[in-house]
Amino acid sequence: LVELGLDVSVEAGLGAAIHFDDAAYREAGASVTDDRAAALDAADTAVVVRPPAAEEAATLRRGAALVGLLDPFNRRDLLDALAKAGATGLALELIPRTTLAQKMDALSSQASLAGYVAVILAAERIDRVFPMMITPAGTLAPARVFVVGAGVAGLQAIATARRLGARVEAYDTRPAVAEQVQSLGARFVAIDVGETGQTKDGYAKALTEDQLERQRLAMARHCAQADVVITTAQVFGRPAPRIVTAAMLAGMRPGSVAIDLAVESGGNVEGSAPDREVEVGGVRVVGLANLPGRVAADASRMLAANAAALLEHAWDREAKAFRWDGDDDIVQGCRVTLGGEIVHPALRPDGRKEG
């Protein structure tokens, strides 16, 4: 950002948890401030890791921009505060899934890390080893892992479990992802629930309650055979579907583990709750929030690269200003507020498109 000609300020202690001291930011050309409120008030563009409080967003100057993971579907108070302040909100979750925008796709970069961490958590908690082992004391069969949802997080979970030597099965409502699952060495579980599909951005479409029930009945057998169940099923902008019921958990072997990656949006597993680990009939249900934060150094590098790519894309070198108010497809795709209004069509109360 400094090389673009920007004056960059960072909050004191920002990188302490990942072993970047304030001096490292100064060496990169930034100034360091311990007055967060003053820095936000002075900023033309503020980049955040987590959504700020609505009260903080309200202090942004008119025409300023807020860039980051803003959780727009659950933080209406933040959107209202940004609109009232006349600030422009850019939610990295809404970056279009296009080839040009891939390097800005923070949702995918963080989901990939979450999928990896989920398997590591399961390996720590399960009462057996993942790979097959042939020993003088006998042969140990590989652990069986069942992954529900083969999006970015699910595919990374599959790849990680396979690298650890587990026998992996995976299910997704989109038959089109079967080839990707199989390319990673896992078996794709086909369940006929009727017509399914995906959105234009590649997200799974929500199932009807009847389809969910048919899905649960078919999945119960695979859960019962699994030592580890990892659920990653989320519907963008809506609560996560309840997929693994208490009855399905009851059919699993005591000592097995269920990791719920969708816990922050409602949860796929019955009984899971953010930042809680509970035992249900001998099955450990893990619902830890912010899994990318458990590999914070890499999560930060990836998020920084995503945000910087968007900023560079929107930077007008001749005018030496960001172009947040134009009709660029990427900017329009992630812009949630502009000129005192909530403008994203998926978030507008009246359902109208911006412009």
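Q: Why does Thr337 count as buried or exposed in this predicted model?
A: Burial is judged from relative accessible area, and a residue under 20% counts as buried. Thr337 has 0% relative accessibility, and therefore counts as buried; in this predicted model, Thr337 belongs to strand E17, which covers residues 335–338.

Q: Which backbone atoms lie at polar distance from the side chain of Thr337?
A: The side chain of Thr337 reaches the backbone oxygen of Ala87 at 2.9 Å, and a polar atom of the Thr337 side chain also lies 2.8 Å from the backbone nitrogen of Gly89. Ala87 and Gly89 also appear among the residues in contact with Thr337 once neighbours within four places in sequence are left aside, a list that further includes Leu79, Leu82, Ala83, Thr88, Ile342 and Val343.

Q: How should I read Leu338, which lies in strand E17, and which residues does Leu338 touch?
A: Leu338 has 22% relative accessibility and so counts as partly exposed, the class that lies between under 20% for buried and over 50% for exposed. Not counting residues up to four places away in sequence, Leu338 touches Ala87, Thr88, Trp324, Asp325 and Val343. As for distance along the chain and in space, Leu338 and Arg36 are 302 residues apart along the chain, and their C-alpha atoms are separated by 24 Å.

Q: How many aromatic pairs does the structure hold, and what describes such a pair?
A: A pair of aromatic rings is described by the distance of the centres and the angle of the planes. The structure holds two aromatic pairs. In one of them, the rings of Trp315 and Phe322 have centres 4.9 Å apart and planes at 65°, so this pair is edge-to-face. Phe322 also pairs with Trp324, and here the arrangement is stacked, with 5.2 Å from centre to centre and 20° between the planes. Trp315, Phe322 and Trp324 thus belong to one aromatic cluster.

Q: Are the residues of this cluster, Trp315, Phe322 and Trp324, buried or exposed?
A: Trp315 and Phe322 are both buried; Phe322 counts as buried because its relative accessibility is 18%, and Trp324 is buried with a relative accessible area of 6%.

Q: What should the 19 residues of helix H10 span, and how far apart are its end C-alpha atoms?
A: Helix H10 covers residues 296–314, and at 1.5 Å a residue its 19 residues should span 27 Å, which agrees with the 27 Å between its end C-alpha atoms.

Q: Which residues of H10 are buried?
A: An α-helix has 3.6 residues a turn, so residues three or four places apart point the same way. In H10 the buried residues are Ala299, Leu303, Asn306, Ala307, Ala309, Leu310, Leu311 and Ala314.

Q: In what order do the seven strands of the open sheet run, and which are the edge strands?
A: The order is E10-E9-E8-E11-E12-E14-E13, with mixed pairing; the edge strands, each of which pairs on one side only, are E10 (187–188) and E13 (276–280). Strand E9, residues 167–171, pairs with E10 in the parallel sense over two bridges, and Ala170 stands opposite Phe188 in E10. E8 and E9 also run parallel, joined by five bridges, and Arg144 stands opposite Arg167 in E9.

Q: Why is E8 described as largely enclosed, and which helix lies across E8?
A: Four of the five residues of E8 are buried, so this strand is largely enclosed by the rest of the structure. Helix H8 (residues 209–225) lies across E8 (144–148), E9, E10 and E11 (228–231), and runs at about 155° to E8.

Conventions
Residues are numbered from 1 along each chain as its sequence is written. This is a predicted model: local features need pLDDT of at least 70, side-chain atom pairs count only at pLDDT 80 or more; totals for chains, interfaces and linings use all residues. Side-chain values use heavy atoms; hydrogens and water are left out. Buried means under 20% relative accessible area, exposed over 50%, partly exposed in between (1.4 Å probe, protein chains only). A polar contact is a pair of N or O atoms within 3.5 Å; within protein, one must be able to donate a hydrogen and the other to accept it, and residues adjacent in sequence count only if both atoms are side-chain atoms. Contact means heavy atoms within 4.5 Å. The expected span of a helix is 1.5 Å times one less than its number of residues. Rings of Phe, Tyr and Trp (its six-membered ring) pair if their centres lie within 6.5 Å; planes under 30 degrees apart count as stacked, over 60 as edge-to-face and the rest as tilted. Two strands pair if DSSP finds at least two bridges between them. Axes are lines fitted to C-alpha atoms, for helices over the stretch in contact, and angles run from 0 to 180 degrees between N-to-C directions.
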